[in-house]
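Student: I would like to go through the labels used for this model and check each against its definition. Please start with the sheets.

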Amino acid sequence: MQISLMHANEPSLLSVKQIRVIKGRKMGGCFSDVRGGKQAVGVGLTGPSLPPMPTSDAAHNDAVDHFFRARGIQPLFTQLELSLSGSNLRDRDIISKSDPMVVAYTKKRDGTLEELGRTEVIMNSLDPAWIEKITVAYHFEIVQPLIFHVYDVDTKYYNLPVKTLKLNDQEFLGEGSCVLSEIVTKQGQSLTLDLHNRNGNRGLKNLGKLTVHAEETVASRNAIEVIFHCSHLDNKDLFSKRPFLRISRIVENGGSVPICKTEVVDNNLNPIWRPLCLTMQQFVSKDNPLVIECFDFNTSGNHVLIGKLQKSVADLEKLHKQKTGASFILPSSAQHGHEKVLKGQLFVDQFCEKQLYSFIDYVSSGFEFNFMVAVDFTASNGNPRTPDSLHYIDPSGEVIQFYDSDRRFPAWGFGGRTIDGTVSHCFNLNGSASGIEVRRLRVFLIWIMAAYASALNHVALAGPTLFGQVINNAAEIARQSLSCNSRKYFVLLIITDGVVTDLQETKDALVRASDLPLSILIVGVGGADFKQMEILDADNGCRLESSTGRVATRDIVQFVPMREVRGGQTSVVQALLEELPGQFLTYMRSRDIKPGAVNIAQTSASHATI
């Protein structure tokens with residue numbers, strides 16, 4: 001099945017979100033422990049020199065938004081990013097300080113809360129300034145109540161992605177609420193909220209404050225990639241030297257908003273940090289002043305300031321061209337505002353400007369998507385005619401129909417006993433040799449379920465559950481497309497009960513496939529233990545490793561439990577589209593594959609070369 005959009009229009013600043021996508025996007029790591037706290041945030045670690053993808057469920061989804069725009073649906077709203085900082089938060093830890101995280105919600109008309117997103121967790125801090133942003137669509141004509149819950153993340157959940165944290169297991173620090181328009185209309189677009197107990201119970205105890213700053217998202221492809229190093233930093237610790245950089249942008253009201261921090265370099269006063277990529281959304285313009293602070297990392301959260309300086313992106317570019325360094329300064333309260341110029345300097349080893357193209361840029365220049373499906377026929381799925389079986393999977397998917405051009409795709413089964421009595425781990429659902437089907441159906445999943453029901457007449461449920469062969473088959477199709485220099489990206493949908501027999505073989509296949517234009521969505525059916533699926537999903541921040549020790553180039557797996565899909569107002573297809581743009585862009589950007597320049601220039605040409 002191919003998705004071809006040769007004549008699609010460029011997206012405008014305004015878009016529409018008329019469906020709710022599944023909660024399953026990667027929202028950043030949990031930085032409460034020492035290892036997590038030393039990781040970089042907001043510097044483009046989603047791929048080689050890539051900026052982070054949007055982290056909120058309310059963020060743009062180009063695949064879904066373009067579907068509605070093509071139908072002439074253009075309601076007015078503006079996309080905003082919310083930056084959050086806290087002060088004087090409650091200290092719920094006995095030995096150390098609280099490890100705070102914010103969860104943002106919008107209150108719907110029926111009073112229920114819908115989660116918008118989560119910040120990262122900041123280690124041991126009662127005055128945190130979170131880097132991860134919350135993205136929300138601002139409707140001028142609608143009252144949009146916002147609720148912010150602040151939590152202290154328990155130490156036993158260290159190293160877990162924040163999206164996986166169960167909030168009932170964390171300690172509640174306070175709640176703040178406002179209407180989105182209050183922030184937008186406030187001078188400087190910043191609003192400070194008093195935190196109180198749940199349900200508006202303010203009480204007498206001061207639970208601290210939460211400041212929310214709103215900025216409109218910048219529709220720009222411009223980004224910069226830089227490599228920093230420092231020399232002769234002051235030694236602030238007798239036992240260890242662990243410097244890192246934090247970069248903040250100065251905003252209109254004179255305050256600053258943190259936009260990223262580098263990783264911590266251990267035991268080095270002349271550190272070199274990994275490349276970071278900053279989008280124009282983060283730095284706004286090349287002349288906007290940035291505050292660059294160098295800290296010595298401390299596990300207590302009391303990081304010691306080594307020095308700071310103020311430079312714009314244009315200044316950083318000049319430092320790189322002139323191959324000179326900029327001296328750090330250290331404010332000295334003892335000298336009443338005089339600043340001490342330090343020996344330590346910041347150097348820019350690399351500076352380059354990049355264009356970060358959008359999902360729409362690629363599909364409008366002729367890139368195609370090819371879908372493949374593999375259905376679990378193992379006996380562990382139970383009776384196929386009960387509501388928990390694969391036969392009852394929600395087949396809705398009007399959005400995917402919009403992208404479908406010829407509805408031609410491979411559809412396989414695995415783990416079934418065929419007519420000849422052998423168990424096959426990759427057979428065609430239609431029984432043909434090619435496995436390619438063409439069906440003029442409104443939604444392709446309807447045909448898949450029909451083919452599944454038909455196959456049950458001549459294929460018996462068996463086992464074991466082996467993913468390796470279907471993944472290898474999908475990878476081979478993707479690999480062959482590379483040899484033809486084709487502009488195609490492939491998506492394999494696996495529908496299974498979640499119990500995998502060949503876990504290591506599956507890991508090996510996924511690691512090999514991570515170099516290919518391929519994404520894999522696994523849909524877990526029933527109430528089985530999906531721990532193995534979560535391992536394959538690699539949402540813990542650790543990429544899969546093969547039996548030979550090779551690490552996956554990128555994360556290509558997204559796991560969606562069917563019970564979560566049924567619990568919300570979404571479909572499997574919507575879950576697929578929610579992850580697809582980010583996975584696709586990660587592959588294209590990491591290989592510096594550009595869309596056709598003719599279409600980007602918005603000319604009348606319908607085809608373009610890469």
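Student: What makes S7-S3-S11-S10 an open sheet, and which strands are its edges?

Tutor: In this predicted model, 4 strands are joined in the order S7-S3-S11-S10 with antiparallel pairing. Strands are DSSP runs of E of at least two residues, numbered from the N terminus, and helices are runs of H or I of at least four. Strand S7 (134-138) and strand S10 (190-194) each pair on one side only, and are the edge strands. From one strand to the next the twist averages 30°, where axes are lines fitted to C-alpha atoms, for helices over the stretch in contact, and angles run from 0 to 180 degrees between N-to-C directions.

Student: How do you know that S3 and S11 pair?

Tutor: Two strands pair if DSSP finds at least two bridges between them. Strand S3 (residues 78-87) and strand S11 (residues 209-216) have 8 bridges in the antiparallel sense, so they count as paired. Ser83 is opposite His213 in S11.

Student: Why is one side of S5 and of S9 left without a neighbour in the sheet?

Tutor: Their sheet has 4 strands in the order S5-S4-S8-S9, also open and antiparallel. Strand S5 (113-118) and strand S9 (171-179) stand at its edges with a single partner strand each, so one side of each has no neighbour in the sheet. The twist here averages 25° from one strand to the next.

Student: Why is Glu225 called buried?

Tutor: Buried means under 20% relative accessible area (exposed is over 50%, partly exposed in between; 1.4 Å probe, protein chains only). Glu225 has 9% relative accessibility, so Glu225 counts as buried. Its place is in strand S12.

Student: What makes the pair Glu225 and Gln350 a polar contact?

Tutor: A polar contact is a pair of N or O atoms within 3.5 Å; within protein, one must be able to donate a hydrogen and the other to accept it, and residues adjacent in sequence count only if both atoms are side-chain atoms. The side chains of Glu225 and Gln350 are joined at 2.5 Å, and those of Glu225 and Lys354 at 3.5 Å.

Student: How do you know that the buried residues of H5 lie on the same side?

Tutor: The buried residues of helix H5 (residues 313-322) are Val313, Leu316, Glu317 and Leu319. They cover an arc of only 155° around the axis, which puts them on the same side of H5; the arc is that of the directions from the helix axis to the C-beta atoms.

Student: On what conventions do these values rest?

Tutor: Residues are numbered from 1 along each chain as its sequence is written, and side-chain values use heavy atoms, without hydrogens and water. Local features need pLDDT of at least 70 and side-chain atom pairs count only at pLDDT 80 or more, while totals for chains, interfaces and linings use all residues.
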